[in-house]
Amino acid sequence: MTKKQHNFSLRDFLFTYGFLLVLLLVIVYFSVTAPSFFSMNAAMSILHTAAPLLIIASGLAFVIMTKRIDISVGSIAYLSAAIGALMISRMGLPIPLAVVSMLVLSCLMGVLNGFFVVILNVNPMIATFGTQLAFRGIGLLLTNSMVVSLPRSIRFLGNKKVGPIYIDILFSLFILLIMMLIHSRTQFGRQVVAIGNDISIAEKLGIKEKRISFFAYVVCGLMAGIGAIIMSLQVGSVTPTSGTSYEFTAIAMLVIGGVSLYGGEGTILPGVLIGGITLAVIETGLNYIGASVYVYSFVRGGVIFVSMFADSLKTQVKPKVKIMEDEPTTVSNAQ
Amino acid sequence: MKKKILVTLLLVVVLSMLAAFAPAGEEKTVKVCVSWNEKVHSLIQAWQDYMEMYAKELEPTTGIKYEWIVNVANGDANLQNNNIQDCINQKVDYIVARAQDSGTIGASIKAAEEAGIPFITFDRASTSGDPTAHVGEDGYLQARSTAEAFAKLLKDNGIEGKCIELQGDLLDNTAVLRHKAWAEVEKELGAWTTVAEVPTEWKPEKFYQGALNALQANPDANCMYVASDFAFSSVENALSAVDKDAPTGDPKHIWIAADDINPMGYEAMVNGIIDVGTTWEAYSVSVLLVDTLNKMVNGEPYEKVNLISGRLATPENVQTLEYLYSTDPKYAD
């Protein structure tokens, strides 16, 4: 057990709760500058537009917690969405069959990433950069680089609401809840954290590092596939640019939400959710205040840089900082 | 004597036949590298198909056989420069490129010039180098044609416009020109006020999110300018989310001007969702490119800038426009 610290430290407080403070500050700023921003409509819109990436980021979190990375999630989302759309629109196959195929295919892409990174020991950045290009290439080949529209009969699902709440918000929160339970309440989740904390200690404790890390990639692929379904329904089509740069947005969400790129730290709830909402709030807020189109990239880049810098600083003072956790996770809980 | 006349006549007939059936000149094979920045929608495939088809049609009369070397940069300006360098290394005769970034294509133009290869910018003009020629449509005139017709439409219907502008990727010169034309007509004719400018980077997700946010932030908005309708399903979904996906005549209708008349835009215009737009021509521009290439190959004088104007489309005339690639089932989304 970690001994609790009773002396208040501003530095520790900022590192632990800093991302919540950032979110609050951003909300306050846009609420003051854009009169209609602080409203139920805007809140729903923020969660709605963040929904696909929240799911994708929750899968990616497992890989990053093992101190690895997967920069192919955007391409996994694109390829599975493209195949699903082709099956429905061009081949006229039943929607459930297309959905199942998308999910199976995205798992297989995760298997492939796991094989390259964990079994063949290829550097995760290089391996998933390769698969990022390859998966997108296959998608472009299959679609002939064209837009594939979804039938009008199912497009409405992307906007379907229960009361004032979009269905995809409820769905993404449900997925996050499941992912949180997997992360904090299952052996697999605890082992992922243990591997990220210290791989050699994890192995000494008997954790099958390769197997767990491999499955982290499969989970990541599956989540990219689920995110792809929501993404396609929202826009009503799949284009060759669908999912482009999702990997970096998802990584930014994770870092803002306190998932360390150095592995072993972070939470799905509230971490990933808060990270995702923070980015979506910024994007939506800029829309609301009618910001110059040139401001968007600058703000996005600035937020990502500050988050990465904070993550780096946090790692340097790690022993003193308690990360907000779903449940306390220690190496001793790993088995 | 009779025999001589007969032989002479026979000779004349044979020579005439040879003259009639012989090719105009010796057949030339010309290698053209076509560098697409990306293939985000079917218009690009249509351009490619039409230029190959038209060149093939002309082959018997011109004696010019084109060999097309096509590459796609998937939206990456650096990759496009590399692709073009590959073409230079292969010693192609001409390079045709649709720039990903008008501001960086100049490096490729310079490299081609140094290798003695004529360079034609296609569709998107360069802002960073001087190509041998440019072929395309005038993005400024296109957007201006749409904006002027839209202003008239709003005035005719007594609408004081409060518009949302969904802009393209501002690295793309065409997107910049469309924004410029929209802003100028707004200032000149005063038919609307732009209440929100939304950047989309030509990404469907951003069309959707941006349109949805702008519609919610500006509930009194009654009109919209969509810089390109290639991913119009995103805009329709956003309209649907705020219960404003309604055709002309319906009280919920948002007046929409959208350029290009791509397949999704065509469908939306036929359904009365889009009120006015100007075509981004596939066939005419491809024809213009091949004609320009032919002139270059034959050493004939050619125009340095070759631009055509799009045609104004409305729900009333869109189904009657000829050579509209959106109506070709081959390019249906």
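Modeller: Ground rule before we dig in: buried means under 20% relative accessible area, exposed means over 50%, and partly exposed lies in between (1.4 Å probe, protein chains only). This is a predicted model: local features need pLDDT of at least 70, side-chain atom pairs count only at pLDDT 80 or more, and totals for chains, interfaces and linings use all residues. Residues are numbered from 1 along each chain as its sequence is written, chains are lettered from A and ligands numbered from 1 in the order in which they are written, and side-chain values use heavy atoms, with hydrogens and water left out.

Biologist: Fine, let's use it. Are Asp123(B) and Arg98(B) buried or exposed?

Modeller: These two form a salt bridge, with the closest N and O atoms 2.7 Å apart (a side-chain nitrogen of Lys or Arg within 4 Å of a carboxyl oxygen of Asp or Glu). Asp123(B) sits in the loop between strands E4 (119-122) and E5 (133-137) of chain B and Arg98(B) in the loop between strand E3 (94-97) and helix H4 (105-114) of chain B, so the bridge ties together parts 25 residues apart in sequence. As for accessibility, Asp123(B) and Arg98(B) are both buried.

Biologist: How many salt bridges are there over all chains?

Modeller: The Asp123(B)-Arg98(B) pair is a salt bridge, and so is Lys152(B) with Asp156(B). Over all chains, the rule gives a count of 18.

Biologist: Over in chain A, how many residues apart are Arg68(A) and Glu209(A)?

Modeller: They form a salt bridge whose closest N and O atoms are 2.9 Å apart. Arg68(A) is in the loop between helix H2 (40-65) and helix H3 (73-90) of chain A, whereas Glu209(A) is in helix H10 (residues 209-235) of chain A. Helices (H or I, at least four residues) and strands (E, at least two) are DSSP runs, numbered from the N terminus. The separation of Arg68(A) and Glu209(A) is 141 residues.

Biologist: Which helix holds both Lys152(B) and Asp156(B)?

Modeller: Their closest N and O atoms are 3.0 Å apart, and both residues are exposed. They sit 4 residues apart, about one turn, in chain B's helix H5 (residues 139-156).

Biologist: Which residues do salt bridges that share partners join into one network?

Modeller: Lys152(B) pairs with Asp156(B). The network brings together, through shared partners, Arg144(B), Glu148(B), Lys180(B), Glu184(B) and Glu188(B).

Biologist: On to sulfur. How many disulfides does a search of the whole structure find?

Modeller: The test is a pair of cysteine sulfur atoms within 2.5 Å. Cys33(B) and Cys87(B) pass with S to S 2.1 Å, and Cys163(B) and Cys223(B) pass with sulfurs 1.9 Å apart. Over all chains, the search finds 2.

Biologist: Is the disulfide of Cys33(B) and Cys87(B) right-handed or left-handed?

Modeller: Cys33(B) and Cys87(B) are both buried. The torsion about their S-S bond is about 65 degrees, so this disulfide is right-handed.

Biologist: And is the one between Cys163(B) and Cys223(B) right-handed or left-handed?

Modeller: Cys163(B) and Cys223(B) are likewise both buried. Their S-S torsion is about -105 degrees, so this disulfide is left-handed.

Biologist: Why is Cys107(A) not bonded to Cys220(A)?

Modeller: Cys107(A) counts as partly exposed at 22% relative accessibility, while Cys220(A) is buried at 0%. Cys220(A) holds the cysteine sulfur closest to that of Cys107(A), and a bond is ruled out because the gap is too far, at 11 Å.

Biologist: Now the strands. In what order do the 4 strands of the open sheet in chain B stand?

Modeller: The pairing is parallel, and two strands pair if DSSP finds at least two bridges between them. The edge strands, each pairing on one side only, are E7 (192-199) and E9 (255-258) of chain B. The order is E7-E6-E8-E9.

Biologist: Which residue stands opposite Glu165(B) in E7(B)?

Modeller: Strand E6 (residues 161-167) of chain B runs parallel to E7(B), joined by 7 bridges. Opposite Glu165(B) stands Glu197(B).

Biologist: Last one: which residue is the bridge partner of Cys33(B) in E2(B)?

Modeller: E1(B) pairs in the parallel sense with strand E2 (residues 64-72) of chain B over 9 bridges. E1(B) also runs parallel to E3(B), with 4 bridges. In E2(B), Cys33(B) is partnered by Ile69(B).
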